[in-house]
Every structure is written in C-alpha cells, then in structure tokens.
Amino acid sequence: MAANRRPWGQFLRAVPWLVPAAILIFGVVLFPAGYLLYNSTRNIGLSGLDVGPAGISNYKALLARPELPSVLLNTFIWVAGVVIVQLLISLWLAQLLNNQFPGRRWVRIAVLIPWAASVVMTTMVFVYGLDPYYGIMNRFLVDVHILSASVGFTQQPVPAFITAIAIGIFISVPFTTYVLLAGLAGVPPEVLEAATVDGAGRARTYFSVIMPCLRGAIVLSTLINVINTFNNLPVLKLITGSLPGYPDDTTTTLMFKILQGEHSIGVASALAAVNFIIVLVVVAIYLVAAKPMRAVES
Amino acid sequence: MVAGFIVAVVFVLPYLIMLLTSLKGRYDTLAVPPTYLPKAWYPQNYITMWTATQTPLLDNMIATLVISVGATMLMFVVCIPAAYYTARFRFPGRGVFMFLVIVTQMLQPTLLATGLFQQFRLLGLNDTWLAMILINAAFNLTFAIWIMHAFFASVPKEVNEAAELDGAGKWGILWWVNLRLVWPGIVTALIYTFVASANEFSASLVILTSATKQPLSVALSAFIGQYDTAWQYLFGVSIVAIVPSVILFVLIEKHLVGGLTAGSIK
C-alpha cells in the first residue's frame with residue numbers, strides 16, 4: 001500500500017484538517033493545565049499578578065490548613081456516596097426501562113430531564129423546596145407523615161451534606177441509566193434464552209449472564225461519574241456554601257473558596273494541582289480498564 | 001408499569017414545583033405554610049421577569065444564548081474536518097490525536113479553573129464572552145468528535161470512492177457526499193454542545209465577573225441565600241431554559257450515549 005511509503009507526506013496532508021481542533025485542545029485544555037501546575041510554584045498577588053517564584057511554599061500553606069484532613073474525607077464520602085448509590089439505582093432503573101410496558105417512552109423522557117436541565121436550576125428547586133418555612137417539599141414530607149415537623153435540611157452541616165449527596169445522585173442517575181441501557185441492548189437474546197432453557201432463575205440469569213455483559217458499561221459510566229462528581233461545584237456550593245467554616249467542603253469547593261474568597265491564586269493552584277493528579281490517576285485507570293483506544297484502531 | 005409511573009413522578013416532580021412556583025405571586029412564593037398550587041395564578045410573571053429590577057435576567061439570557069451559540073458554531077467548524085479525516089484516512093499521528101481527544105474528555109473546566117482564569121487574564125479576555133465560547137467549544141470537543149467520527153466511519157467506502165472517480169476533491173466529498181449522510185450525528189453534536197455550554201457553571205463563575213455578562217447558571221446561583229430572592233422569576237426563567245433543552249435532548253436521545261462512551265461498550 002502507498003500508506004507506508006510516504007508517511008511524512010500523509011502526515012502533512014492530515015495537518016490542515018486537524019490543526020483547528022488541535023489548537024483548541026492545546027490552547028484551552030492542555031496549556032491551562034500546564035499553566036496551573038506552573039502557577040502552583042509561583043508567588044501570585046491578589047490581582048493575579050506573578051510576583052516571583054514561591055518554591056513549594058504554596059503547597060506548605062495548603063498542607064498547613066487545619067480543615068484539609070476533613071475536606072479530604074468529605075471528598076471521599078461525597079464521591080463514593082454519590083457514585084455507588086446512583087449506580088445501584090441506575091442498575092435497577094435500566095432493567096426496568098429495558099422491559100416493554102405501556103408508557104415506557106414517557107418514563108424514559110422523564111428520566112432524561114435532569115440530564116438536560118442545568119444543575120444549578122435543579123439544585124435551586126431543592127434549596128427552595130426544602131426550606132423549613134416556605135419549602136413545599138418539607139410540607140409534603142409532613143403531610144404524608146414522614147416528618148412530624150419541617151426540618152432545616154440545609155442549615156446544619158450533616159443534613160446539608162446528605163441532602164447534597166441525594167441531589168448528586170438525582171442528577172447522575174439519568175446518564176448512568178442511559179449508558180446501562182446501551183449495555184443491555186448489547187446482551188444477545190439467544191444467550192438469555194439459553195439461560196432460561198437451562199432453568200436458571202431470574203437472579204441467577206442476572207448475575208451470571210446480564211452482569212458480565214454490562215461490565216464495560218459499568219466501568220465506563222463509573223469512571224465518568226467519579227470525574228463529574230469530583231468536579232461538581234454547583235450542588236455543594238448552593239446547598240452547603242453558606243455554612244460557616246468548611247464543614248461540608250470537598251477539595252473542589254475548597255479550591256473555589258480559596259480562589260474567590262481569599263484570592264490566594266497560588267494556594268488555589270496548588271490545590272488544583274493536587275486535584276489534577278487525583279484526576280490523572282482516574283484517567284489512567286480509565287485508559288487501562290475501559291480501553292477507549294480500541295474504537296480508534298477498529 | 002406502576003414502578004415506571006413512580007419513577008416518572010420522582011424525576012418530573014422537582015420541575016413541576018419549579019413550574020408551579022413560577023406561576024405564583026411574590027408573597028405566595030414565601031407563604032408559611034406553603035401551598036401546593038398558586039392561590040392566584042400569575043402567568044404574567046413570564047413577561048414581567050425580563051424587566052424585574054432585582055435581576056438582569058434578560059441580559060443573563062442573552063449571555064447564555066451568545067455563549068452557547070458561539071461555542072456550538074466554533075465546535076462545528078473545528079470538529080467536522082477532524083472527525084471526517086480521522087474516520088476516513090489512516091495517517092501517522094492519528095493515534096496520538098485521538099488519544100489527546102480522549103484525555104480531554106476527562107479534564108473539565110472546573111478542575112482547570114485557576115489555570116483558565118490566569119491564562120485569560122494574561123490574554124486580556126477575562127470577563128468576555130469570547131473566553132467562555134473558547135472554553136465551552138474546547139471542552140465539548142471530545143463528545144462532538146467521537147460522535148461524528150462514528151457516523152463518518154459508517155459511511156460506506158464505495159460512496160466516497162465513487163465521488164472521487166467523479167472528480168470531487170476531498171473537501172467537496174466531505175461537503176456534498178458525507179454531510180448529507182451523517183447529519184444525525186452532526187445534529188447530536190450540535191445539540192449536546194449547545195445544552196452543555198448553556199449549563200456550564202464553574203468556569204463562567206471565575207471568568208465572568210460583571211452581573212450583566214454572566215449566563216443564567218451563574219446569575220441564578222447568586223440569588224440563593226439572599227433574603228429577598230424573587231423565586232417566581234428565577235423559576236420562570238429556569239422553565240424557559242429547561243423546556244427547550246429537554247426537547248432537544250429527547251430528539252437526540254438515541255445517540256446521546258454513543259459520543260460519551262467512545263465506542264467502548266459493545
């Protein structure tokens with residue numbers, strides 16, 4: 001084939017087609033990532049002006065913050081809590097929506113709404129609805145006797161954090177459910193029939209036949225959800241942002257508090273660099289476990 | 001079926017509360033105890049909200065539209081040639097390029113906010129819509145390239161070869177032959193980028209500082225926790241933003257997963 005004879009010419013011919021996308025990736029994704037790492041070693045003034053090298057003093061200032069251990073713990077609880085619970089709900093929901101029933105189309109559309117809607121707007125309804133005085137969700141919970149009186153869900157650190165996790169679950173279930181539905185569509189019907197013929201019960205069929213087919217969908221949606229939940233700012237900011245101190249902060253919300261509240265861009269960059277490394281580890285797992293490059297080679 | 005109905009109710013209910021509150025009067029929204037339905041219906045909220053003094057909602061809506069339309073157009077111009085070429089041709093560097101695209105999927109504006117803020121400060125682009133157009137186009141590139149790549153790859157080789165024999169150039173083949181066959185993929189990418197750009201929050205929060213330049217996502221969040229929140233207007237404008245987004249997402253429902261999962265579910 002001519003393909004291998006003139007690799008240089010082939011590369012040059014590809015350039016005009018790829019350069020615009022490459023510029024955008026380098027200029028707006030990779031450069032800021034590198035710049036952020038560089039900034040974490042610089043002494044940066046309140047206005048953002050680079051005053052000189054800082055060595056590792058930004059990292060020292062970050063490590064010296066007394067709230068850091070609890071923030072790291074919060075981050076873990078937040079990501080693990082949201083991702084695990086939403087996966088369990090989505091596994092159930094995808095199974096439900098994979099079966100034919102009258103009105104299924106409408107239920108699938110209903111599940112799509114939180115995915116299309118802005119996270120800020122969705123969270124706002126919960127802030128309003130859960131208000132202890134004029135909140136309609138609070139009143140509903142009292143009317144159906146789940147609560148004996150209205151509760152200030154967002155006024156104490158622990159209930160506020162649990163509320164935020166519940167909202168995080170609500171907004172991530174749609175994406176996961178749709179990925180799992182795509183996975184379920186790939187389960188060969190003849191394998192399911194064979195399992196029935198062999199006398200496997202429903203539970204047995206699910207765990208030995210369906211689950212292995214869903215493995216790819218579960219790995220992939222989980223990794224994307226870990227990244228999304230880790231980076232989720234609006235839910236925690238709106239639900240827990242007005243609490244004094246840092247009782248419910250994750251590394252992401254703390255980074256924005258340092259950046260916007262204290263204007264310590266150097267320290268915020270150091271924390272961002274730590275977050276960046278956490279995400280890189282997840283990306284590495286993604287590349288090994290989900291093997292997205294297979295699709296390129298095919 | 002009963003379970004399906006309950007699921008639908010759970011997912012619709014928050015947005016129903018949004019709709020009902022947007023039709024309540026000012027004092028009604030803050031009534032203690034609250035009522036499920038408005039005591040008096042105020043459909044005129046949907047007119048008065050655009051000129052309400054508490055919030056520059058019209059400016060915020062314009063900002064959201066300018067940023068989202070700009071980012072979608074930029075994405076379109078940048079992604080079509082890249083997706084087409086990587087799907088049709090093998091060349092050295094193709095693997096590296098696609099690898100970069102995949103890595104971009106895992107990085108988000110939230111994570112890079114401090115870097116973006118500092119970079120656009122240097123460029124003098126902080127507090128401009130252009131900065132947010134660039135950011136939204138760049139971070140939605142992955143989804144767009146992947147979904148279009150898959151559609152371009154599904155166009156039979158023979159179709160392209162026939163066009164080549166007829167003497168069409170590469171750009172001509174892309175324009176006259178392929179775009180007509182892959183439009184569902186393109187529409188999916190356009191809608192996804194538009195909705196994702198409209199919903200972007202973190203980067204807009206640090207880049208756009210003037211109240212009148214901020215998109216709805218940032219502007220609305222600023223009213224939470226204030227004593228004098230005009231809930232009926234905040235929810236009115238939310239409904240105006242969410243309804244078209246949901247309709248657009250329903251149109252591309254079938255393809256939504258494809259671009260995000262990059263072909264690794266088979």
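## Ground rules

Two residues are in contact if their C-beta atoms, placed from the backbone, lie within 7 Å. Keep in mind that this is a predicted model.

## Around Ala137(B)

Take Ala137(B) as a starting point. Setting aside neighbours within four places in sequence, Ala137(B) is in contact with Ala71(B), Leu74(B), Met75(B) and Val78(B), plus Leu24(A) from the other chain.

Ala137(B) also belongs to the largest nonpolar core, which has 168 residues. Ala137(B) is one of the members that touch the most other members, a group that also holds Met124(A), Cys79(B), Ala138(B), Leu141(B), Ile145(B) and Met148(B). Helix α7 (residues 157–185) of chain A gives this core its largest share, 14 residues. On the chain B side, both domain 1 (1–43) and domain 2 (53–261) put in at least three residues each.

## Where the chains meet

Chain A brings 90 residues to its contact with chain B, and chain B brings 87 residues. On chain A's side, helix α1 (residues 7–39) supplies the largest share, with 19 residues. Sorted by class, the chain A side comes out as 68 nonpolar, 17 polar and 5 charged.

## Two helices, mostly covered

Which residues of α5(A) are buried? They are Val119(A), Val120(A), Met121(A), Thr122(A), Thr123(A), Met124(A), Val125(A), Phe126(A), Val127(A), Tyr128(A) and Gly129(A). That makes 11 of 11 for this helix, which covers residues 119–129. Met124(A) turned up above, among the core members that touch the most others.

Over in chain B, helix α10 (residues 183–199) is mostly covered too, with 13 of its 17 residues buried. Its length checks out: at 1.5 Å a residue, 17 residues should span 24 Å, and the end C-alpha atoms are indeed 24 Å apart.

## The two domains of chain B

Chain B splits into domain 1 (1–43) and domain 2 (53–261). Taken over C-alpha atoms, their centres are 32 Å apart. The contact between them takes 9 residues from domain 1 and 7 residues from domain 2. Domain 1's side of that contact has 4 nonpolar, 3 polar and 2 charged residues.

## A look at Val274(A)

Val274(A) sits in helix α12 (residues 265–289) of chain A. Why is Val274(A) partly exposed? Because 18 other C-beta atoms lie within 10 Å of Val274(A), while a buried residue needs 20 or more and an exposed one has 12 or fewer. Val274(A) is 91 residues from Gly183(A) in sequence, and their C-alpha atoms are 34 Å apart in space.

Terms used: Residues numbered from 1 in each chain as written. Chains lettered and ligands numbered in written order. Predicted model: local features only at pLDDT ≥ 70, side-chain atom pairs only at ≥ 80, totals over all residues. Helix = DSSP H or I, 4+ residues; strand = E, 2+ residues; numbered from the N terminus. Nonpolar A, V, L, I, M, F, W, Y, C, P; charged D, E, K, R; others polar. Core = buried A, V, L, I, M, F, W, Y, C linked by C-beta atoms within 7 Å. Domains from an automatic or database assignment. Expected span 1.5 Å × (residues − 1).
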